[in-house]
Amino acid sequence: MQSSETAEEIWQLRKMRAASLLEGSTLIILVGIAVPLKHFAGLAVATSIMGPIHGIAFVFYFWMLIQIVSGGGWARGEVTRMIVAALVPFGAFVNERALARRQALLIEAV
């Protein structure tokens, strides 16, 4: 692989890692803070605010996923992991670590 292609893949991985952390964080905030505030404190505004924020982060994550996978070089299992990670609380953080390992391997190869 040429160094410009490697640099581009590293950049894509960095963006995907950021998207994964953003999506995972907003899901945890929504489920761990906003939903309990709605049900136990009667503050429905918490989910009214956090719900759309998480929705945007979720769509952004999948948009990034489509971009990075369309570049090729991803095994079916890796793509499946990234899809499932967006649906499971804390899955995005596990996914981010896997992406960090892949990024580290690319950097070592350069």
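Start by selecting Ile53, which is partly exposed at a relative accessible area of 41% (buried means under 20%, exposed over 50% and partly exposed in between, with a 1.4 Å probe and protein chains only). You are looking at a predicted model, where local features need pLDDT of at least 70, side-chain atom pairs count only at pLDDT 80 or more, and totals for chains, interfaces and linings use all residues. Residues are numbered from 1 along each chain as its sequence is written, and side-chain values use heavy atoms, without hydrogens and water.

Ile53 sits in helix α2 (helices are DSSP runs of H or I with at least four residues, numbered from the N terminus). Now add Thr26: its C-alpha atom is 7.2 Å from that of Ile53, though their positions lie 27 residues apart along the chain.

Next, colour α1, residues 3-41. Its 39 residues should span 57 Å at 1.5 Å a residue, and the end C-alpha atoms, 54 Å apart, agree with that (the expected span is 1.5 Å times one less than the number of residues). Zoom in on Leu30, the centre of a kink of about 35 degrees in α1; the bend is the angle between axes fitted to the seven residues ending there and the seven starting there. Just after α1 comes Gly42, with a positive phi near 70 degrees.

Finish with Glu9, Gln12, Ile68, Gly71 and Gly72, which lie nearest the centre of the largest pocket, among its twelve lining residues. A pocket here is an open set of points on a 1 Å grid over the protein atoms alone, where a 1.4 Å probe fits, with protein on both sides within 12 Å along at least five of seven lines; lining residues have an atom within 4 Å of a point. Helix α1 gives the most to this lining, with four residues.

How values were computed: Helices (H or I, at least four residues) and strands (E, at least two) are DSSP runs, numbered from the N terminus.
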